[in-house]
Amino acid sequence: MEETREKIIELFKNKGSEISTGELLNYVYGSKTNKDNADSKRESAQMHRKLLYHINKLVENGILRFSRHGEKGHKFFALDIGENEEITEFSSKYKRKLTVSKPLMPLMPIETYEHQGIINKFETESWIDRLNSVVIMCKKVDSIDKLNALFESAISVINDCICLENFEDIINKNKKEDVIKLIEKINSECKDYGKQVSCTIDISKINKGNFLEILQKAASNETNKVMFIYSLDAHDVQEQFAILNEILVAYMKKKKLIYFKNKRATNSLQFVGSAGPYSILEKEWENKKDCLSFACAQSSLIVDVEKFYSVYGLDTEKFAQLMLNVSKSFLSANTLQRRKSKDYFKSIISLDKTNEKEFLELSRNYIRFWNYGLLQPGIDQKLVLNMINEAKKRIDEFSMAEETIYKSCGMPTRFKIALSCAFKEANEKLSSAKYKKLEITGLEDLYKPKIRKDIMEKEIASSVLNGGNDITFHRKGNFDSQEIMRELSIIINAYKMPLFSFNFEGSGDAKILSYL
Amino acid sequence: MPRYFHTYKMEIKEKTAEKTWKSILKHVLENGTEFIDRKNRLCKEALNIVATIEDTKDITKPIEILSSFKKWVYPSLEELKSSILEKEDSPGYYYHYGSRAFNYSGINQINDYILPLLKKDPTSKRGIVVFYGPEKDTLPLKKETPGMVMMNFNIRNKKLHATVVIRSNDLFYGWPCNIVQAYFLADYISRELNVQIGSITTISISAHLFEEQFEYINKILHE
């Protein structure tokens, strides 16, 4: 068999699921070229064409199939084989037989709901053999090179997001040029591979000198695959007034979405991927071991609640049954993941051998609700919340029973399910968004009964969605950073929302005050 | 006065796995002493229950019964088999019997000890495999430690008899699985030694049931 095609198949053998042309290019033709250089760009384009020629041959032979378009002209390909089917090729170079097979997707009691569009798997191709998200603890990383290596290992085992927790440590301990380069590189790879990165920054711990230039990169729309989540409480708004002002100004100028974690509402980790928000349970976060990296989420299923209404109505019992079936599906998926975890997640687990057993200790499976109707006219919101709460009880009972069974069988393992919201980007088949935007034009809006009621409803939803919930304030009209800081103080103090964001897209002129 | 003291012991011997299971369930349900465990669950417990299955033909029957309930999903036989025969440890499980039997800190207790021992001396009384390791399992903050502490293999009357010591044994969810795991390991050894499997005996030091299981146990016992 032709050597390039052998290498392509070899990568599918190692990684299974869906792979982008960017990733294949790096694997087949070695290290990445310097994209700033014109000659390198030309060389890269040549290699890309060469690679596509071989991929097309494999497509013609029925070994691969085109699966989707990615960003920057990249294409994604997947193995064109069914479960239990194998591709066997003889390797001329290594005198060995290459056998590639697709992980067997177990029979799951959600298939009818999938046909109805009520349930959608997040990233179907890699639903079992990749994790949704992995967290890297920057505090434990002693250099940018080490972080780079960890990032490279992590990106190959996830299908959504990597969280770089305590990113302020990287900012404070390294040269700003190096940090900017790192952000650019991470962003570029995320674009190539269709992934996302969340960097959490505690604003009370930032070294201002280094940060201000890095901030321009963070707020830039070019780095849209790297999200920054700023952790603060009301005290930080007061004490870090100058730095917070700079942050807001940078984001307002670019009209970029900005995320905040409310430290008053939670000490735990909160971040976002393209599927939706992620979090770690508060109690577990407090008691976690000092690991370098760990999994946060294993598999996600998205429930299109709007479609469920249209087929079954607001039937609490049917909804709870659906959630139970979803839980059983996670159990089947996790069983395969557990048994194959050394193969699937080897690249990242092997970097922290002393904590191998802890790698999956905080992870959960995610049920993500889309169009769950909390602000839909004509739908009783209490009933929707009751329906989700009833389902949550059943899910928790089932999860606990399974943990007891596995423990009793001498196979103690973790099986936890989190509830969260889904982002529109999570799946292209989702029904069109029917959420009412939470719009504010100024400080006085936060005191208006109607807006307060809307926020409180979202706050209640946040308490039910224990896997994380994102509440976006769509900021309208003209504004200045000082006023937004006052709004932030009120939101942080008055509401218990662990994660929220400000969207400046619809804003008019920004009155930007400089305090530095 | 509850019939409860630490030397309490019961021996049950039945022809089949199903009968043995039902007998021990009935015994603990009727005679076990109630107590509240650290997770605040009401339990019934009896100490030192010895149960012998004379014929292993229906070894998976208790699992079939458990799997017929829709409220939970019981692990598959394939997963149970890999839990005891798979040599590689897995990060997905807090501990793993297979790796402890076949690769305990580099020691293959089955292939490098039991098999040569019983091949050389079929009447040996030293055919022991240990799953519990003080260096790994006696750390005060250790979350999970093996329930099956050790297994013993004796060849008598040209049959391989297996005995498994279980320190903490949930008789409802756990015992059906433990006997199947013991069977899979005994089956592996018996094939290598070319002898038939004889009886399987479990010695459950803390044999217990939980309150939420009573309803299902009563169903099983009265069907």
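This passage looks at the domains of chain A, one of its helices, and a residue of chain B, all in a predicted model.

Chain A is divided into three parts: domain 1 covers 3-101, domain 2 combines 111-119 with 300-426, and domain 3 combines 131-277 with 438-511. Between domain 2 of chain A and domain 3 of chain A, the C-alpha centres are 26 Å apart. Their contact draws on 24 residues from domain 2 of chain A and 23 residues from domain 3 of chain A. On the side of domain 2 of chain A that touches domain 3 of chain A, at least two residues each come from helix 14 (346-349), strand 15 (364-370), helix 15 (381-408) and strand 16 (417-421). Helix 15 of chain A gives the largest share of this side, with five residues. Sorted by class, the same side of domain 2 of chain A holds 15 nonpolar, five polar and four charged residues.

Helix 7 of chain A runs over residues 176-193. Its 18 residues should span 26 Å at 1.5 Å a residue, and this agrees with the model because the end C-alpha atoms are 26 Å apart. Buried residues in helix 7 of chain A include Val179(A), Leu182(A), Ile183(A) and Ile186(A), and the run Cys190(A), Lys191(A), Asp192(A) and Tyr193(A) is buried too. Just after this helix comes Gly194(A), with a positive phi of about 70°.

In chain B, attention turns to Arg100(B), a residue of helix 4 (residues 97-102). Arg100(B) counts as buried because 22 other C-beta atoms lie within 10 Å, where the cut-off is 20 or more. Val129(B) is 29 residues from Arg100(B) in sequence, while the C-alpha to C-alpha distance between them is 8.9 Å.

Note on methods
Residues are numbered from 1 along each chain as its sequence is written. Chains are lettered from A and ligands numbered from 1 in the order in which they are written. This is a predicted model: local features need pLDDT of at least 70, side-chain atom pairs count only at pLDDT 80 or more; totals for chains, interfaces and linings use all residues. Helices (H or I, at least four residues) and strands (E, at least two) are DSSP runs, numbered from the N terminus. The expected span of a helix is 1.5 Å times one less than its number of residues. A residue is buried if 20 or more other C-beta atoms lie within 10 Å of its own, exposed if 12 or fewer, and partly exposed in between; C-beta atoms are placed from the backbone. Domain bounds come from an automatic or database domain assignment. Two residues are in contact if their C-beta atoms, placed from the backbone, lie within 7 Å. Ala, Val, Leu, Ile, Met, Phe, Trp, Tyr, Cys and Pro count as nonpolar, Asp, Glu, Lys and Arg as charged, and the others, Gly among them, as polar.
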